[in-house]
Every structure is written in structure tokens, then in C-alpha cells.
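Let us take a walk through a protein model together. Please have the sequence and the 3D view at hand as you read.

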Amino acid sequence: MDKIIKVIKRYRFFIILLVINTIILIVKPDIGLKSLQLTKSNALEMLSILPPVFILLGLLDVWVKRETMIKFMGEKSGIIGVLLAFLLGSAAAGPLYAAFPVAAVLLKKGSKFSNVLIMIGAWSTTKIPLLLFEASSMGIKFMITRFILNIFGIAIIAYTVEKLLSKREIDKIYNNAASME
Amino acid sequence: MDWSIGCCFHGSITLVPGFIAFPLASALLKSGAGYMQIAAFISTLMMVGVVTIPLEIKYFGKKTAIIRNMEAFIFSLAVAYIMGVVM
């Protein structure tokens, strides 16, 4: 019985959404169907993105030494660390949730906290493959204006988040990342 | 501007792959939506993830996740406003 409750607790959001979706499907079949289609495309995206990301993460973990990571993205890496973090995030493909495991490995290897936040920011909004797509469907002016604004936004968010956290809270995040496998 | 906030909420909650979102956004533009609203939608869609917050909390803790998402939300409103002026 305990086990069943545990499973239900773990998947409570999934179960709630499933119920809501079923109700919508009965009441408004066309909207329900569309939402199912979106679910399908999200699931397929997740299945196609996550395995390669985890393989690359495994390789990063094994191939890149902690000292190397600290040198290029650590506390004293300066502008190189910032640029590397930005490029790493921008070169990525895939949704934002795939960036969190990457962030964990970077933290584990001794990357500076604000650099990891820059990587997350870049991953969320300045992905190169998506920029090309954005330019073709929204126009080049739209894409470039948003890109320039985003560079500032990523920097502001990374800087302020780091400043708003205490040393202890940041240490806790590092420890948490180190204990993750 | 008030509708931009609505678009921001919409973009924050939904989880749509980019290769579906952009054609959708351009279709919305063609059918008369404003640049400000579309920029709000796209920006929050990419930077704010309400659905993935539990995962983000698992990696970064509650405080970081909430601050980051809130800042991204406010920033998206600013982006939307500027885009509305520039475009």
C-alpha cells in the first residue's frame, strides 16, 4: 500500500494532468486532441534530446579534468569563462530542462556559479539553431533585436541571482550537484 | 501592454518546442497580433518554465529557481515593450 501511495505521490502532476486532459477531450474534443498532439511532440523531443545529452555529459565528466574546468570556467576564469559559458549554452539544442543536468556537471567540475547561470540563460534563449529558425519565420530584425536584448538579460539575471544568494546557499547547490549522478 | 502580460503568462506556462512555436508566432502575427505580444509570448516561452520548475528546484534549490524564473518573466515584459517600440 505504501508503495502505491509513493508512486501516486511521485506522479501526482502527471495524474492530475491526465484527468484534466481526459475531461477536455470529452467536453471539447478538438482542443483535447490538439493538446494530445502537443504532448506527443514534447515527448518525442524529450526522447530524442535527452539520451545524446546524457552521453555527452558522461564524456564531459570523464574527459575534462576538474583542473581544466576550473581554469577555463572557474572562479578566476574572467571573461573567457563568461564567453565559454555563453557559447556552450548557445551551441546547445533542445529544451531548457536538458540544460539542468549539464549545469550539474559544470558545478561538479568547479565552474563558477554565475558562469553556470549564463550557460542556462544562453541555453534558454540564444540557441543558434533556433535563432536561424527565428530569423526565417519572424524576420531578421526581430531576431537580432531580441538577441541583443537577451545578451543583456542573461548577464543581468546571472549577476543578480548570484548576488541574491548567500555563500551558504551557493555552497549547498554545489554540494547537491556533487552528490548527483 | 496589459495584453502583453497575458501573453507572458501564457508563454510561461506552456512548454512548446521552438520549431513549433515560431511558425505559430508568425501565423499569429499574420492574423493581426502585435509584435509586443508575440515577443512577450516567445520570450517567456523560452526563458520561463513553470512546468519544469520542480526539476529546476531539484538541481538549483527553491530560491534560485524562483528568482531566476521571476526575473526572466519581468525581463520578458521589458523585452516585449522594447520590441513593440522597435519593430
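The paragraphs below go from chain A to the interface, then to the core, one helix and a few side-chain pairs.

Please keep in mind that this is a predicted model. A good place to begin is chain A, which has ten helices and zero strands. Read from the N terminus, its elements run α-α-α-α-α-α-α-α-α-α. The C-alpha trace of chain A spans about 60 × 55 × 35 Å along its principal axes. Of its 181 residues, 40% count as buried. If you take the contacts in chain A between residues at least 6 apart in sequence, 72% of them join residues at least 24 apart.

Now bring chain B into view. At the interface, 39 residues of chain A are in contact with 36 residues of chain B. The size of an interface is often given as the accessible area lost when the parts come together. Here the area buried between chain A and chain B is about 3600 Å², and carbon and sulfur atoms give 77% of that area. What about charged and polar pairs? Between chain A and chain B the count is one salt bridge. B:Lys63 forms a salt bridge with A:Glu169, and their closest N and O atoms are 3.2 Å apart. Six residue pairs are found in polar contact across the interface of chain A and chain B, with both residues at pLDDT 80 or more. On the side of chain A that touches chain B, at least two residues each come from α3 (29-63), α6 (99-108), α7, α8, α9 and α10 (167-178) of chain A. Of these, α9(A) gives the most to that side, with twelve residues.

Which residues have the most contacts inside the largest nonpolar core? They are A:Phe113, B:Ile42 and B:Phe60, in a core of 67 residues. Helix α4 (residues 53-86) of chain B provides the largest share of this core, namely ten residues. B:Ile42 is worth a closer look: leaving out residues up to four places away in sequence, B:Ile42 touches A:Met138, A:Phe142 and A:Arg146 as well as B:Phe22 and B:Ala25.

One of those partners, A:Met138, takes us to helix α8 (residues 128-138) of chain A, whose buried residues are A:Leu130, A:Leu131, A:Glu134, A:Ala135 and A:Met138. Looking down the axis of α8(A), you will find these buried residues within an arc of 145°, so they line one face of the helix. The face turned away from the buried side of α8(A) carries the exposed residues A:Leu132 and A:Ser136. And what covers the buried residues of α8(A)? The cover includes α7 (113-125) and α9 (140-164) of chain A, along with α2 (18-30) and α3 (35-47) of chain B. Just after α8(A) comes A:Gly139, with a positive phi near 100°.

Let us stay with α8(A) for one more pair. A:Glu134 forms a salt bridge with A:Arg146, with 2.7 Å between the closest N and O atoms. Because A:Glu134 lies in helix α8 of chain A and A:Arg146 in helix α9 of chain A, the pair ties together parts that are twelve residues apart in sequence. Both A:Glu134 and A:Arg146 are buried.

How many salt bridges does the structure hold over all chains? The total is four. Among them is the pair of A:Lys167 and A:Asp171, whose closest N and O atoms are 3.2 Å apart. These two residues are four residues apart in helix α10 of chain A, so about one helical turn separates them. A:Lys167 is exposed, with a relative accessible area of 61%, while A:Asp171 is partly exposed at 33%. In chain B, B:Arg68 forms a salt bridge with B:Glu56, the closest N and O atoms being 2.6 Å apart. B:Arg68 counts as buried with a relative accessible area of 5%, and B:Glu56 is buried at 2%.

We finish in helix α3 of chain B, where B:Thr44 lies. B:Thr44 is buried, at 0% relative accessibility. A polar atom of the B:Thr44 side chain lies 2.7 Å from the backbone oxygen of B:Ala40. Apart from neighbours within four places in sequence, B:Thr44 is in contact with B:Cys7, B:Cys8, B:Gly11, B:Ser12, B:Phe73 and B:Ser76.

Technical notes. Residues are numbered from 1 along each chain as its sequence is written. Chains are lettered from A and ligands numbered from 1 in the order in which they are written. This is a predicted model: local features need pLDDT of at least 70, side-chain atom pairs count only at pLDDT 80 or more; totals for chains, interfaces and linings use all residues. Side-chain values use heavy atoms; hydrogens and water are left out. A nonpolar core is a set of buried Ala, Val, Leu, Ile, Met, Phe, Trp, Tyr and Cys residues joined through side-chain atoms within 4.5 Å. Buried means under 20% relative accessible area, exposed over 50%, partly exposed in between (1.4 Å probe, protein chains only). Contact means heavy atoms within 4.5 Å. The arc is that of the directions from the helix axis to the C-beta atoms. Buried area is the accessible area (1.4 Å probe) that two parts lose on being put together, summed over both. A salt bridge is a side-chain nitrogen of Lys or Arg within 4 Å of a carboxyl oxygen of Asp or Glu. A polar contact is a pair of N or O atoms within 3.5 Å; within protein, one must be able to donate a hydrogen and the other to accept it, and residues adjacent in sequence count only if both atoms are side-chain atoms.
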